[in-house]
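Colleague: Hi, could you walk me through this model? I have a few quick questions.

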Amino acid sequence: QDPYGYYGGEQAEQANLSLSLPSAYRGGLVDLTLPNGNNAQVKFPARITDGAKIKLKGLGSNGGDLYVNIKLAADPFYKVENNDIYYVADIMPWTAALGGQGSVPFPDATRITIKVPPQSKSGQKLKLSGKGLGKNGNFYVQLMINNPAHLTSKQKALFEQLRESAI
């Protein structure tokens, strides 16, 4: 295809389809109203990328092909850049200092356990290769150290000991 929408020398008929990130990540079927007013079910693969095109053979207005352009809608929990997905995970200060495990949700509602390395810093990214969109997208977990909202007197005393030992 050239930038003007021509496929094989003819103007291609096109339609746009907006998908949520969870839908794009898990794949499936969606009902689409065609330019001629008819309805069709469009099947799209799991982890489809923003800007992908799906060819619907013979479903254009005059029996020609229809190309469906995929557009990913913004997501409140994840950020998508190219084919990479970014998620911010809150961790406690002791997990950042000592290391540990955390549970992270994928856009398809499954979860994965990640290993947080000792001496992790706020803003540090952990890479889960091949877990993003398309064939080569990655999933990044950005660690954000989150202090407890309320400390018991024992926890406060332990933090004070840490502060004093750091001097």
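Colleague: Which residue takes a positive phi in the hairpin of strand 4 and strand 5?

Modeller: Gly37 does, with a phi near 95°, and that hairpin has five residues between the strands. Strands here are DSSP runs of E with at least two residues, numbered from the N terminus. Keep in mind that this is a predicted model, where local features need pLDDT of at least 70, side-chain atom pairs count only at pLDDT 80 or more, and totals for chains, interfaces and linings use all residues. Residues are numbered from 1 along each chain as its sequence is written, and side-chain values use heavy atoms, leaving out hydrogens and water.

Colleague: In what sense do strand 4 and strand 5 pair?

Modeller: Antiparallel, over six bridges; pairing takes at least two DSSP bridges between the strands. Val30 has Val42 in strand 5 as its bridge partner.

Colleague: And which side chains of strand 5 are buried?

Modeller: Ala40, Val42 and Phe44, which point to one face, while Asn39, Gln41 and Lys43 point to the other and are not buried. Buried means under 20% relative accessible area, with a 1.4 Å probe and protein chains only.

Colleague: New topic: how many aromatic pairs are there?

Modeller: Five, counting Phe, Tyr and Trp (six-membered ring) with ring centres within 6.5 Å; planes under 30 degrees apart are stacked, over 60 edge-to-face, the rest tilted. Tyr78 and Phe139 are edge-to-face, because their centres are 6.2 Å apart and their planes at 65°. Tyr78 is in strand 8 and Phe139 in strand 13, 61 residues apart.

Colleague: Which residues form the aromatic cluster?

Modeller: Tyr25, Tyr78, Tyr87, Phe106 and Phe139. Of these, Phe106 and Phe139 are both buried.

Note on methods
Buried < 20%, exposed > 50% of the residue type's maximum accessible area, 1.4 Å probe, protein only. Helix = DSSP H or I, 4+ residues; strand = E, 2+ residues; numbered from the N terminus.
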